[in-house]
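This briefing covers helix packing, salt bridges and aromatic pairs in one protein model. Please read it alongside the sequence and the structure.

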Amino acid sequence: MTKLENEVQYQWALKRVEELFPLVQEDAREDDPLRMELQLLGNLVADYDEEHYPVGTPSLIEVIKLRMYEMGLTQTSLAKLIGVSPSRISEYISGKKEPTLKQARVISQKLNIDASIVLGV
């Protein structure tokens with residue numbers, strides 16, 4: 001089998017991967033049949049996932065909210081961190097405004113967000 005063709009095959013392969021996973025140790029030999037089966041089916045499942053269940057690039061709003069959560073920031077503390085007003089942060093989070101290039105650079109640096117996400121590229 002070189003490709004999973006439909007949802008039935010995908011579900012079967014996914015179930016088999018779940019069965020094999022606890023049986024194959026990390027230090028299993030390269031020629032271990034269960035390891036080879038797990039690797040092959042894992043790759044087929046991953047390929048099917050990418051084709052049929054793609055994960056898009058997160059929006060700036062989603063990433064800012066995530067970083068705020070991770071860093072324990074409120075809108076007010078985020079505003080102080082990047083040097084804008086709390087109302088401007090509210091506008092970013094609601095999608096009413098986009099950051100300027102200067103603000104985008106600061107957001108990228110201070111929150112460690114990839115520039116392509118901040119710039120929407």
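Contact here means heavy atoms within 4.5 Å. In that sense, the buried residues of α3 pack against α4 (75–82), α5 (86–94), α6 (101–111) and α7 (115–118). The model is predicted. A search of the whole structure finds seven salt bridges and three aromatic pairs.

**Helix α3**

- Helix α3 is made of twelve residues, 60–71, and its first and last C-alpha atoms are 16 Å apart, close to the 16 Å expected at 1.5 Å a residue.
- Leu-60, Val-63, Ile-64, Arg-67 and Met-68 are the buried residues of α3.
- These residues lie on the same side of α3, because they cover an arc of only 140 degrees around the axis.
- Gly-72, just after α3, has a positive phi of about 65 degrees.
- Within the helix, Arg-67 and Glu-70 form a side-chain salt bridge, with N and O 3.1 Å apart.
- Arg-67 and Glu-70 are three residues apart in α3, so about one helical turn separates them.
- Arg-67 is among the buried residues of α3, whereas Glu-70 is partly exposed at a relative accessible area of 48%.

**Helix α2**

- The 20 residues of helix α2 (residues 33–52) should span 28 Å at 1.5 Å a residue, and the end C-alpha atoms are indeed 28 Å apart.
- Buried residues in α2 are Leu-38, Leu-41, Leu-44, Val-45 and Tyr-48.
- They share one side of α2, since the arc they cover around the axis is only 140 degrees.
- Helix α1 is included in what covers the buried residues of α2.
- At the N-terminal end of α2, Asp-32 acts as a cap, with a side-chain oxygen 2.8 Å from the backbone nitrogen of Leu-34.

**Other salt bridges**

- Arg-16 and Glu-19 form a salt bridge whose closest N and O atoms are 3.2 Å apart.
- Both residues belong to helix α1 (residues 7–20) and sit three residues apart, about one turn of the helix.
- Glu-19 is partly exposed, with a relative accessible area of 37%, and Arg-16 is also partly exposed, at 22%.
- Arg-29 and Asp-31 meet through their side chains in a salt bridge of 2.6 Å, N to O.
- Arg-29 is exposed, with a relative accessible area of 58%, while Asp-31 counts as partly exposed at 46%.

**Aromatic pairs**

- The ring centres of Tyr-10 and Tyr-48 are 4.5 Å apart and the planes are at 20 degrees, so this pair is stacked.
- This pair links distant parts of the chain, with Tyr-10 in helix α1 and Tyr-48 in helix α2, 38 residues apart.
- Tyr-10 and Tyr-48 are both buried.
- Tyr-10 also pairs with Tyr-53, in a tilted arrangement with 5.8 Å between centres and 45 degrees between planes.
- That pair, too, links distant parts of the chain: Tyr-10 is in helix α1 and Tyr-53 is in the loop between α2 and α3, 43 residues apart.
- Tyr-10 has a relative accessible area of 7% and is therefore buried, whereas Tyr-53 counts as partly exposed at 40%.
- One aromatic cluster is formed by Tyr-10, Tyr-48 and Tyr-53.

Note on methods: Residues are numbered from 1 along each chain as its sequence is written. This is a predicted model: local features need pLDDT of at least 70, side-chain atom pairs count only at pLDDT 80 or more; totals for chains, interfaces and linings use all residues. Side-chain values use heavy atoms; hydrogens and water are left out. Helices (H or I, at least four residues) and strands (E, at least two) are DSSP runs, numbered from the N terminus. The expected span of a helix is 1.5 Å times one less than its number of residues. Buried means under 20% relative accessible area, exposed over 50%, partly exposed in between (1.4 Å probe, protein chains only). The arc is that of the directions from the helix axis to the C-beta atoms. A salt bridge is a side-chain nitrogen of Lys or Arg within 4 Å of a carboxyl oxygen of Asp or Glu. A polar contact is a pair of N or O atoms within 3.5 Å; within protein, one must be able to donate a hydrogen and the other to accept it, and residues adjacent in sequence count only if both atoms are side-chain atoms. Rings of Phe, Tyr and Trp (its six-membered ring) pair if their centres lie within 6.5 Å; planes under 30 degrees apart count as stacked, over 60 as edge-to-face and the rest as tilted.
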